[in-house]
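You asked for a quick read of this one before we talk. Have a look at the entry first, then come back to my notes.

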Amino acid sequence: MIDLRSDTVTQPTDAMRKAMASAEVGDDVWEDDFATKRLEAMSAERLGKESGLFTPSGTMSNLLATLTWCKRGDEMIVGSESHIFWNEVGGASALGGVMVRTVPNDASGRMRPQDVENAVRTKNIHYPVTTLVGLENTHNRCNGAVLTVQETREIADVAHRHGIPVHLDGARILNASVKLGVPAAQLAGPADSVCFCFSKGLSAPIGSVLCGSKDFIERARKWRKMLGGGMRQVGVIAAAGIVALETMVDRLAEDHANAHALAVGLAGIPGIKLDPEQVQTNIIIFEWSGDVHEFMRRLEAHGVKSSYNAGQRVRMVTHRHITPADVDTALGAVRDVSRELMAAKR
Ligand code: TLP
């Protein structure tokens, strides 16, 4: 089976399993788990922030940022295609009482600074208060598009002019860093808080880290405890994250090259609508002209798993277990399915 559902399906490497087995651990709620401390420090340094906090998932990192920056009844601004808006079970409003206001994302995951400016609430007795602007890099639902430092700064400047902090969902910021050849610390520079994940293209089994100022992280730590995310000998997991940071970042370029080859191939298959130039990192989203669920079912029967995005859209994500040969095999399977379904239509 060629599994293109997500880069989250990647298995830990042998080096990770060894590091996990021999991790030097303590009790992280007492803040004396050595491996976790080390991972948090390495992550904060990588992202150019003062402190880091290890969390079980990207979803919890984003939620902690929301809870730390916003009070109940506040409003946060995020992109209309953002992961926080679409894929985090409404946690910001359910658990934080925070209203989520969306501003359109273009096909490259960008928001127009003027739209963000217009969405910031003015002082008015009737209005909630805008207390957070959220950005995403790379942008999951926008074909894994990267945001440049300049694009990030333009939005942050608008927010900061109004005294509003910026949180960057950088679940795949290291993909953006590799793609642009720009250190992640620079990409995260304009943001007040940022998170990224170890459990995606970096292949660690679990985990994410939230980074920001010392004070911000201390407040987020308290929220993490409240949510039940205070973990004990969690260094057994953090140890895999250390290996991920030390050894797995540069190879993300291979996933990008494979995604590009896959996108170019897919774009030439009848029934598929895709501009391969939109594919910048490891995520490909394309439209299928017919019944998209039938398309995906047939594709799986041909040995290729994909994931549903929305409307007519299918997502494929390349990762460490996908080789150039797998790309060719997957393209062969998509061609077969396209032929079958196109023939059935006639
Ligand atoms: N995204 C998952 C699914 O939820 C769609 C995936 O397979 O891509 N921010 C971004 C930009 C993400 O893509 C994800 C995961 C998260 C946050 C949440 O991370 P986890 O899954 O660790 O909670």
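Here are my points, going from the domains to the sheet and then to the ligand.

1. Before anything else, keep in mind that this is a predicted model. The residue numbers I use start from 1 along the chain as its sequence is written.

2. How is the chain divided? There's a domain 1, covering 12–247, and a domain 2, covering 251–345. Their C-alpha centres sit 29 Å apart. The two do touch: 22 residues of domain 1 are in contact with 17 residues of domain 2.

3. Now the sheet to look at. It's an open one with four strands, in the order E9-E10-E13-E12, and the pairing is antiparallel. Which strands are at the edges? Those are E9 (272–273) and E12 (307–310), and each of them pairs on one side only.

4. Start at the E9 end. E9 pairs with E10 (residues 283–288) in the antiparallel sense, over two bridges. If you want a spot to find on screen, Ile272 stands opposite Trp288 in E10.

5. At the other end, E12 and E13 are also antiparallel partners, this time over three bridges. They make a hairpin with two residues between the strands. What is the sign of phi at Gly311? This glycine, which sits in the turn, has a positive phi of about 55°. For the bridge partners here, look at Ala310, which is matched with Arg313 in E13.

6. A helix goes with this sheet. H12 (residues 252–267) lies across E9, E10 and E13 (313–317). Relative to E10, H12 runs at about 10°.

7. On to the ligand, which has 15 residues around it. Which come nearest? Ser6, Thr59, Asn140, Asp169 and Arg172 do.

8. A few polar distances are worth checking on screen. From the side chain of Asn140, an N or O atom is 2.8 Å from an oxygen atom of the ligand. Gly58 uses its backbone instead, with an N or O atom 2.9 Å from a ligand oxygen. Arg315 also has a side-chain N or O atom 2.9 Å from an oxygen atom of the ligand. How much of the ligand does the protein cover? Taken on its own, the ligand has 510 Å² of accessible area, and the protein covers 82% of that.

Conventions: Predicted model: local features only at pLDDT ≥ 70, side-chain atom pairs only at ≥ 80, totals over all residues. Heavy atoms only, no water. Pairing = 2+ DSSP bridges. Contact = heavy atoms within 4.5 Å. Axes fitted to C-alpha atoms, helices over the stretch in contact; angles between N-to-C directions. Near = heavy atom within 4 Å. Polar contact = N/O pair within 3.5 Å; in protein donor to acceptor, adjacent residues only side chain to side chain. Areas by Shrake-Rupley, 256 points an atom, 1.4 Å probe, with all protein chains shown as cover. Domains from an automatic or database assignment.
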